[in-house]
Structures are given as structure tokens and as C-alpha cells.
Amino acid sequence: MAYTNRAHLEEKRAYWAMVTPAFALYLLVMAFPIILSFVLSVSNYSGGKMFGGEKWGFAGFGAYARVFTDPWFWNALKNNLYIVLISVFGQLPLGFIFAYFIYAKIVKAPNFWQGVLYVPNIISVIVVGLLWQTIFSPHGPIGEIINYFRVSDFQAQLKGIFNAAGGFSLSDDVIHKILDLAGPAGQSMFSNPVPELRDLLSSYQGQPMSEVYTALSNLFVQKWSPAFLTKPDIAMVPVLFVILWMYTGMYLILFLANMQKIDAQIIESARIDGANEGQVMRFIILPALSGTIVNSAILAISGSLSSFALIFAMTGGGPSRVTEILSIYMYNNAFLGRPNFPLANAISLIMVIISFVLIALTKAVEKRYGGKED
Amino acid sequence: MSEAIRESKLKKALSAIGRVAVYMVMGIFAFMTLYPIFWLIMNSFKTTREFQVSQLALPHAPTLQNYVEAWKMGDFSLLFPNSIIYTLGATAGIIFLSLLAGFAFAKLKSRATKPIYNSFVIGILLTTQTLMIPLFLEVNLLGIYNTRLAVLLVYIGAGLPIGIYLSTEYIKAIPSAVVESARIDGAGFFKIFLKIIIPMSVPVATTLAMLNITSIWNEFALINILVSKTELKSLPLGIYKFSGSLSTDYGKQFAALTIGMVPMLVFYMIFRKQITKGVAAGAMKG
């Protein structure tokens, strides 16, 4: 008896020695901030020393009222919702289909596809954000590609005009046709288009035709500069595209890993019994992955709540705040201009509450589909 | 008979067309994945002027000047060691504390296990990013703003929930008889942990290492609110400096982005299998 008591005590001591460091740290980083955010959200704390500085105290739930009446809160929430939607209706189905192509051996080299499509996930989101910011900027390659086609199309039509005239020509007909082709850009460039263009063209007499084409296209083809990220009404589109680009590979890996857990013999025997591809998908693969699909959707929502750096780097929430998501909306309230800590903490707590709802949802899903996926 | 043969030929032809279509769709997606990365690396060897004139052609006189200047401007010789310290330090901390607590949860009897373990599992979906404002105020309150300690503590704390979940589930699967017979031989719990549990937990430790190394190396949101001194910053913070006013100096910006990207690309090439396994295990959270 004495021995078992001592053994019991030793086990108890060992238990707490092992659990305490992790639990204390966890409380420090997760639990305490939640309490702090609640306390500050109902206070009038305005920064500075928390104790011994300016006095602050209870100020009611005004911060929550201000959050819910702020149109920018709803704008940010809407953007978070867009991120969830692009995940659920973009990344998940694409990831699922790609995983199936690999799983069913419709494509060869499974490691290659998996390896390549996952690459964006291991690059820092800051790098991804800045890279795509440049690609979508007016100086980016998209403009260069589009302009290349515009110029070559314009030059092809010029060539047609000159070929029809039998080579280099300054005839009225050619001049008019060129001006027609140039459209308003041509008209606005001259005060008296026909003679002025003829003067200009005559200076190219005797030069190779390619020079003539280049000169005319430089003159008349307006450079198109894509400004996706500076137009408020469409700025969210490239952001969502990049999110799709970045995370589809992650869902591919998830789905593939869970497909590979399906007993191959079940599918084999279903095929022997005459089941076709569609039936195997519908009656074996989809049911086996239902838990994974629901979990992935929950993951997408929690991912949307935790995303920050990608949009922070890519747009900074701009232009004129339209691409703000909740985390950036919170950050800007705390660090941009005059800090509003009660408001920022209220937003933080709202996000925590959404997370708790998600956790409850996960538990319900677990019960429904029985057991955890791992 | 001939009807059946014709039908199966048709089926084969159709499936060949389907196969080509599948390859095309996946090929386009793979191209869209890799080309921007290739484009970035290629343009990092051009001067800003050459980039402005031609963005799609290969550099006609490749230069390393961008790298030399970006390295200096971004203070990367300070940030690189910092990133290594944070990544390895926090990862080691997460693995050790997770295995330690996981062992206690899985093999030692206590009524405290249920509530504490469940609170960790809840934390998996509670992303720390949502708490960055109160965390910022907390580290100020504790007087550890702008210290490496704060970064390490926050990273370890944030990594514990998934770490403890995976470790506990893993150690549960180790037969209890292993622990019991060591106890009968007179070994203490810490000795059992060091001599038996740790060596047997290498697979789960590897999974945790992969998950945490990739995420901590790239982490931005939290460290952004924890430190402001250059000597304490990590690579992502340094790279972010190349946005804003420096963002039109494309040559340097691209060099900086490449510097930030290449270490993880190399790491990924070496450990692709383990990383993939870790993602599949880590993303399916309780």
C-alpha cells in the first residue's frame, strides 16, 4: 500500500512536471490574450503603459456597437467570405479533381504533379504577395503580353494596307486607311491629319518597311496598362486569383492522402462487378472522403480568418480600403493613425468567437461522420 | 462481335482524348504555378532599366548587382541568422514540449488530462493571428517587446496545439506494456521519456519539424507586431521592406524576393515527401 502510494505520487509529480511548461505557455499565448482582448474591448484604454500610466477603465460595449455600424467592418467580413467561397468552390473542387486524376492514374508521374502544384505553399506569403503585386501592376508582364499582341495585330493590318497599294505609297487612299486603322488615337495626334501624316510618312521613304511599321505602331497603338490592383471595383479579383493559385495544391495533397487510404481491394472488386468510373466515384470515393471534404471546408474558413500577410503585402487593404479583410481591418484600427485599441480588440474577440463557432461545428461533424481523420 | 470491338475501340479513343484533355488542364495549372517563379528569378538578373524595357525575354547581360545591393539594403546578413534561430529554436521547443506533454497525456493517469488535452485541441482552430493585437499589448505589458524571447515564446505557444494533438495520438499507439515493463525495472518517468519515448517518436517528430520549419520560416503577421528593431527581424520582415517606396526598383525587389524564396525551395526539394506527409497529417485537425 505504501509502495503504491509512493508510486502514485511519483506519477502525479511527473505528470505535472511534463504538462505544466506546455500548458503555461499555451495559456500565455492563447488564453490570456483572449481575456485581455475582452477587457480592453470594453475599456477606454488608448495605448501607453497599461499600469501606472494614464488611467483607464470600463467604458461599456460601445466598441462593439461601433464595429457593427462601421461599413468597413462589413466590407472586410464580405472579403473574408469571398475567400471562403473561392476556397470551397475553387480550391476544393480543383484540388479534388487533380487528386483524383493522380489517384486513378489518369496522369503519369504522380510525384511530379503533386510536387509542382504544392510549390506555392512553401513560399513565404510576403514573397507571393509582392510577386503578384508586380505581375498585376501597370509595369507587369500582363501588359507587355497584351501590348505585344496589339502591336503585332496593328502591324499585320498595316502590312495589308501597303501590300494592297503595291508597296510603300503616299496616296490619299493609303493615308486615309492608316488613319482609319489608328482610330481616335490618330485623329487626336494631328490638327490636320492627312497632310501631317503624309509629311511624316515621306520621311520614311526608302527605309525598310519594318521600320515604317514600327514607327507607325509606336505612334498609334496605345499602350494598355493593366491596373487591376488600383481599381476599387475589381481589386479583389486578382487577390482571390492568387489565393486560388496558392492553396489549391494543399487541398490536392489532403484529398490524395485520404484517397490513398481507401482499401484498393474494394475498388478492385467493384470494378470486377462491372462498376464504371462514375459509380466508383459516387459510391466508394466520395463517401470515403466526405469527412475530409467537410473538414477541408472548415479549414478554409479558419484559413480565411488567419490570412493576413498575403493581402497586407499585395494591396495593403487598398485601393481605398476595398480589399481589407478582418485581420487587416483590425490591424489598421490598432496601428494606423490614432490607435483605437478598444475597437481593435473588439474585432479580435469577434474573430475568436467565429473560430469557436467553427470548433463547435467541427465537433458536430466529427459525431456525424464518426471519428477523426488523420 | 464486331459491334463490341468497335465499341471498345471507340471507348479507347474517347479515353485517349480525355487523357489528353486531363494532361492539358493539369499542364496549364502546373505552368501557371511554375512560370511566375521562373519569371521572378529570371528578372532578378536584369537591371531595373532592362526589366522596364523587356520583361519576358531572358536577361541579355545577367548581373548579380541586384543581389549585392538587395543583400545590403535588406540587412539580410542580420536577418538570415535570426530566421534560422527563430525557426530552429521554436521548432525544437514545440517538438520537445509536445512530446513531453503528449507522453503524460497518453501514458500517465490523471483526471486533468481530459480538460487540458481538450483545451489544446480547441486551440488548433484558434489561429493566433486573430489575437495579434492583444498579443502585442501583452508582450508590452510583460516588458518583452522587441526581444527574441517574445518571438520564441509566441511561436512555441502557437505551435503547441497541433504538436500536442499529433504527439498524444502517436504516443497512445505505443503499447503501454513498453512503459510498464520499464517501470517494473525501476526506471523513472523522465528516463522512460528520454530513453524510450523519444527514440520511438522520431516519425511524429519529423512530421512536426516539417510543419513548423516551413510555417515559422515564412511567418510574418506575428513577428511583425513583436519586434521593430532590425537586429531582431526575420527574413519575411526584411523582404517586406522592398514593397512601398522601393517597389519600383524592380531589380532589387526581385533579388530580395528570390533570396527569401530559394532557401525554402531547396528545403522542399530535399524533404518533399516528408513535408507532404506532414501537411496531410497536420491539416486534418481534430
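How much of the chain is helix over residues 280-313 of chain A, and how far apart are the end C-alpha atoms? In this predicted model, that span of chain A is 94% helix and 0% strand, and its end C-alpha atoms are 44 Å apart. The span also carries a label in the record: UniProt, in an unreviewed entry, annotates residues 280-313 of chain A as a transmembrane region. The same annotation covers residues 15-40, 81-103, 115-135, 234-259 and 343-362 of chain A. Of these, residues 343-362 of chain A are 100% helix and 0% strand, with 29 Å between the end C-alpha atoms.

Turning to the partner chain, chain B holds 13 helices and 0 strands. Read from the N terminus, its elements therefore make a plain run, α-α-α-α-α-α-α-α-α-α-α-α-α. UniProt, again in an unreviewed entry, places transmembrane regions of chain B at residues 20-42, 83-105, 117-137, 149-171, 192-217 and 254-271. Two of these spans can be looked at in the model. Residues 83-105 of chain B are 100% helix and 0% strand, and their end C-alpha atoms are 32 Å apart. Residues 149-171 of chain B are likewise 100% helix and 0% strand, with the end C-alpha atoms 29 Å apart.

The overall dimensions of chain B are worth a look as well. Its C-alpha trace spans about 80 × 75 × 35 Å along the principal axes. The radius of gyration of chain B is 25 Å, whereas a compact globule of 286 residues would have one near 19 Å.

How, then, do the two chains meet? The contact draws 96 residues from chain B and 101 residues from chain A. Together, chain B and chain A bury about 8900 Å² between them, and 77% of that area lies on carbon and sulfur atoms. Polar links are present too: 15 residue pairs, both members at pLDDT 80 or more, are in polar contact between chain B and chain A. On the side of chain B that touches chain A, the residues divide into 67 nonpolar, 22 polar and 7 charged.

Among the charged groups, the rule finds 1 salt bridge across the interface of chain B and chain A. Readers who wish to find this salt bridge in the structure can turn to Arg183(B) and Glu10(A), whose side chains meet with an N to O distance of 3.4 Å.

Definitions and conventions. Residues numbered from 1 in each chain as written. Chains lettered and ligands numbered in written order. Predicted model: local features only at pLDDT ≥ 70, side-chain atom pairs only at ≥ 80, totals over all residues. Heavy atoms only, no water. UniProt positions renumbered as here; feature names shortened; annotations may be inferred. Helix = DSSP H or I, 4+ residues; strand = E, 2+ residues; numbered from the N terminus. Contact = heavy atoms within 4.5 Å. Buried area = accessible area lost by both parts, 1.4 Å probe. Salt bridge = Lys/Arg side-chain N within 4 Å of Asp/Glu carboxyl O. Polar contact = N/O pair within 3.5 Å; in protein donor to acceptor, adjacent residues only side chain to side chain. Nonpolar A, V, L, I, M, F, W, Y, C, P; charged D, E, K, R; others polar. Rg over C-alpha atoms; globule rule 2.2 N^0.38 Å.
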